[in-house]
Amino acid sequence: RYTFNSNARHRVALPRFIIMVSIGFLVNAAIMYALDFLAYLLAQVIATGTVFLLNFVIGKYWAFSGE
């Protein structure tokens, strides 16, 4: 409610949230796999930053949009 100013019903937002988190998990795993040649911590920082931004955008414009 505070971050995205959402009035979406829980029965709509919860499945979307679960899909969003699942996508984030898969993207994180894919980035970590693709950046295997880098140092582990550097790859994790890149993956975490990417998934953070991706989840924010998906959350704002789809998961909690209230549509």
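**Exercise 1. Ala29 in its helix**

Determine in which helix Ala29 is placed, and whether Ala29 counts as buried, partly exposed or exposed.

Solution. The structure is a predicted model.
Step 1. Ala29 has its place in helix H1.
Step 2. The relative accessibility of Ala29 is 38%. Buried means under 20% and exposed means over 50%, with partly exposed in between.
Step 3. Ala29 therefore counts as partly exposed, at 38% relative accessibility.
Step 4. For a position elsewhere in the chain, take Ala47: it is 18 residues from Ala29 in sequence, and the two C-alpha atoms are 8.2 Å apart in space.

**Exercise 2. The nonpolar core**

Identify the residues of the largest nonpolar core and the elements that give two or more residues to this core.

Solution.
Step 1. The largest nonpolar core has five residues: Ile31, Met32, Leu35, Ala43 and Ala47.
Step 2. Two elements each supply two or more of these residues, namely helix H1 (10-34) and helix H2 (40-63).
Step 3. Consider Leu35 in particular. Once neighbours within four places in sequence are set aside, Leu35 contacts Ala43 and Ile46.
Step 4. As a general background, nonpolar side chains in soluble globular proteins tend to be buried together.

**Exercise 3. The buried residues of H2**

List the buried residues of H2 and name an element that is included in what covers them.

Solution.
Step 1. In H2, the buried residues are Ala43, Ala47, Val51, Ile58, Gly59 and Ala63.
Step 2. The cover over the buried residues of H2 includes H1.
Step 3. For the protein as a whole, 22% of the 67 residues are buried.

**Exercise 4. Overall form**

State how many helices and strands the protein has, and explain why it is described as more spread out than a compact globule.

Solution.
Step 1. There are two helices and zero strands in the protein.
Step 2. The radius of gyration is 14 Å, whereas the globule rule gives 11 Å for 67 residues. The former is well over the latter, so the protein is more spread out than a compact globule.
Step 3. The C-alpha trace spans about 45 × 20 × 15 Å along the principal axes.
Step 4. Turning to contacts with a separation of 6 or more, residues 24 or more positions apart account for 65% of them.
Step 5. The accessible surface amounts to about 5300 Å², and carbon and sulfur atoms hold 68% of that surface.

**Exercise 5. Three residues of helix H2**

For Phe52, Lys60 and Trp62, decide the exposure class and describe the spatial surroundings.

Solution.
Step 1. Phe52 lies in helix H2. Its relative accessibility is 57%, and Phe52 therefore counts as exposed. The C-alpha atoms of Phe52 and Gly24 are 8.2 Å from each other, although the residues are 28 apart along the chain.
Step 2. Lys60 also belongs to helix H2. With a relative accessible area of 37%, Lys60 is partly exposed. Apart from residues up to four places away in sequence, Lys60 touches Phe4 and Ser65. Between Lys60 and Thr3 the C-alpha distance is 8.5 Å, across 57 residues in sequence.
Step 3. Trp62 is likewise placed in helix H2, and its 34% relative accessibility makes it partly exposed. Not counting neighbours within four places in sequence, Trp62 contacts Arg16, Ile19 and Val57. Its C-alpha atom is separated from that of Phe4 by 11 Å, with their positions 58 residues apart along the chain.

**Exercise 6. A surface patch and an unusual angle**

Name the residues of the nonpolar surface patch of about 350 Å², and state the sign of phi at Asn5.

Solution.
Step 1. Leu14, Phe17, Ile18 and Val21 make the nonpolar surface patch, which covers about 350 Å².
Step 2. Of these, Val21 may be examined further: its place is in helix H1, and it is partly exposed, with a relative accessible area of 39%.
Step 3. Asn5 is found in the segment before H1. The phi angle of Asn5 is positive, near 50 degrees, and the residue is not a glycine.
Step 4. The relative accessibility of Asn5 is 62%, so Asn5 counts as exposed.

Notes. Residues are numbered from 1 along each chain as its sequence is written. This is a predicted model: local features need pLDDT of at least 70, side-chain atom pairs count only at pLDDT 80 or more; totals for chains, interfaces and linings use all residues. Side-chain values use heavy atoms; hydrogens and water are left out. A nonpolar core is a set of buried Ala, Val, Leu, Ile, Met, Phe, Trp, Tyr and Cys residues joined through side-chain atoms within 4.5 Å. Buried means under 20% relative accessible area, exposed over 50%, partly exposed in between (1.4 Å probe, protein chains only). Helices (H or I, at least four residues) and strands (E, at least two) are DSSP runs, numbered from the N terminus. Contact means heavy atoms within 4.5 Å. The radius of gyration is taken over C-alpha atoms; the globule rule is 2.2 Å times the number of residues to the power 0.38. Accessible areas come from the Shrake-Rupley method with a 1.4 Å probe; for residues, only the protein chains shown count as cover. Patches are made of residues with over 30% relative accessible area and no salt bridge: like charges are joined within 9 Å, nonpolar side chains (Val, Leu, Ile, Met, Phe, Trp, Tyr) within 5 Å. A salt bridge is a side-chain nitrogen of Lys or Arg within 4 Å of a carboxyl oxygen of Asp or Glu.
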